[in-house]
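Work through the exercises below with the sequence and the coordinates at hand. Each task is followed by a worked solution.

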Amino acid sequence: MSFAEFYQIFGQIVFLAGISILVLLSMTLILGQKLINEDRLMFPRLLIFTIDVFYGLFKKFAENVGVDDKIVDQIGVEVRNKVNEKIFQRIRPQDKILVLPHCLRNAECEATLESSGLVCKNCNRCVIGVLKNKGEELGYQVFIIPGSTFLKKIVEKNRFKAVLGVACYQDLNLAMNKLSKFHCQGVPLLRDGCVNTKVDTRAVLEKMGVEFGKSNKLNKGCTTEPCTKKTL
Ligand code: SF4
C-alpha cells in the first residue's frame, strides 16, 4: 500500500468516526431532552456512556446547537436517578449515606469543620439541621461537606451501599459518576453558588423515604428555611 492510499484510508476512517460521534451526541441530546421534558427514559446505558466519555465535547456540542450546556449534567443526573431509583429504595437506611453541601448553611452557622466535614450544631437556622436530624432518625449516616475531596475520605473510611447527595447539577453528575459502584440518588440545588444556596427539602425527604400526606400544603415548597412541620 502506498503512502497516498494509506492517508486516504486514514482520512476516511477519521471522517466516519467524526460523523459517528456527531450522530451519537445528537441522539443523546434528543433522548436526554425527552427524558427531561416527558419523563421517558430510553437507552440509559448509551446516554451514560456518551456523557461520561464525551463530557467536554458534549458540552461544546450543546452550546453550538444553542442549548445551555448545563443540560449535559442534568441528563446525567436524571438518567442515573432513574436507573438506580428502585434498588436505592430497597436498601435499608443503615446502609445509606446522605451527603449535603456546606453552601446550604446559614451565614451565621456555628458548625465546626472536622475531617469528615462540618459538624452541625442543630441551631435550626438552616435546612441542614432538619435533613440531618431526619436522616439520622431514619438510620442514615449524614455528612456535610465543603468539597469533593471530602467525598474521597468518606468513601475510604465508611461502609455503605447507597448514596443520596445534594449539589449543583455539575457536581452531582460528576460525583454520581465517581460513585457509580454505589447506588446513587441526587437532588439538584434549586439555586446553586458558593453560599446561600437552596434545595427542595421535600424532594430530599421523599428520596430518603419520608411519606407526605397529600393534603398537607405546609409540606410543599420548603427550601432552605427550616421546616416546621411535624408530620414528616
Ligand atoms: S443548622 Fe445550619 S446554620 Fe445551624 S449549625 Fe447546622 S448547618 Fe450551621
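The exercises concern a predicted model and go from the whole chain to the sheet, a helix pair and the ligand shell.

**Exercise 1. Overall layout**

Task: State how many helices and strands the protein chain has, and give their order along the sequence.

Solution. Step 1: the count comes to 8 helices and 6 strands. Step 2: reading along the sequence gives α-α-α-α-β-β-β-α-β-α-β-α-β-α. Step 3: for the extent, the C-alpha trace spans about 75 × 40 × 35 Å along its principal axes.

**Exercise 2. Two domains and their contact**

Task: Give the bounds of the domains, and describe the side of domain 1 that touches domain 2.

Solution. Step 1: the domain assignment places domain 1 at 3-81 and domain 2 at 92-219. Step 2: taken over C-alpha atoms, the centres of domain 1 and domain 2 are 30 Å apart. Step 3: 8 residues from domain 1 and 10 residues from domain 2 make up the contact. Step 4: on the domain 1 side, helix 4 (residues 70-90) gives the largest share, with 7 residues. Step 5: sorted by class, that side of domain 1 has 4 charged, 3 polar and 1 nonpolar residues.

**Exercise 3. The sheet**

Task: Determine the strand order of the open sheet with 4 strands, and explain why one side of strand 4 and of strand 6 is left without a neighbour.

Solution. Step 1: the order is 4-1-5-6, with parallel pairing. Step 2: strand 4 (141-145) and strand 6 (183-188) are at the edges and have a single partner strand each, so one side of each lacks a neighbour in the sheet. Step 3: from one strand to the next, the twist averages 15 degrees. Step 4: strand 1 (residues 96-101) and strand 5 (residues 162-167) run parallel and are joined by 4 bridges. Leu98 has Leu164 of strand 5 as its bridge partner. Step 5: helix 8 (residues 201-208) packs on the sheet and touches strand 1, strand 5 and strand 6. The direction of helix 8 makes about 165 degrees with that of strand 6.

**Exercise 4. A helix pair**

Task: Classify the packing of helix 5 and helix 8 as roughly parallel, roughly antiparallel, roughly perpendicular or oblique.

Solution. Step 1: the axes of helix 5 (residues 127-138) and helix 8 come within 11 Å and cross at roughly 10 degrees. Step 2: angles under 35 degrees count as roughly parallel, and helix 5 and helix 8 are therefore roughly parallel to each other. Step 3: helix 5 contributes Val127, Val130, Leu131, Lys134, Gly135 and Leu138 to the contact, and helix 8 contributes Thr201, Val204, Leu205 and Met208. Step 4: by class, the residues of this contact are 7 nonpolar, 2 polar and 1 charged.

**Exercise 5. The ligand shell**

Task: Which residues come nearest to the ligand, and how does the shell divide by class?

Solution. Step 1: among the 14 residues around the ligand, the nearest are Cys109, Cys120, Cys123, Cys126 and Gly129. Step 2: the shell divides into 6 nonpolar, 4 polar and 4 charged residues.

Technical notes. Residues numbered from 1 in each chain as written. Predicted model: local features only at pLDDT ≥ 70, side-chain atom pairs only at ≥ 80, totals over all residues. Near = placed C-beta within 6 Å. Nonpolar A, V, L, I, M, F, W, Y, C, P; charged D, E, K, R; others polar. Pairing = 2+ DSSP bridges. Helix = DSSP H or I, 4+ residues; strand = E, 2+ residues; numbered from the N terminus. Axes fitted to C-alpha atoms, helices over the stretch in contact; angles between N-to-C directions. Contact = placed C-beta atoms within 7 Å. Domains from an automatic or database assignment. Parallel < 35°, antiparallel > 145°, perpendicular 65-115°, else oblique.
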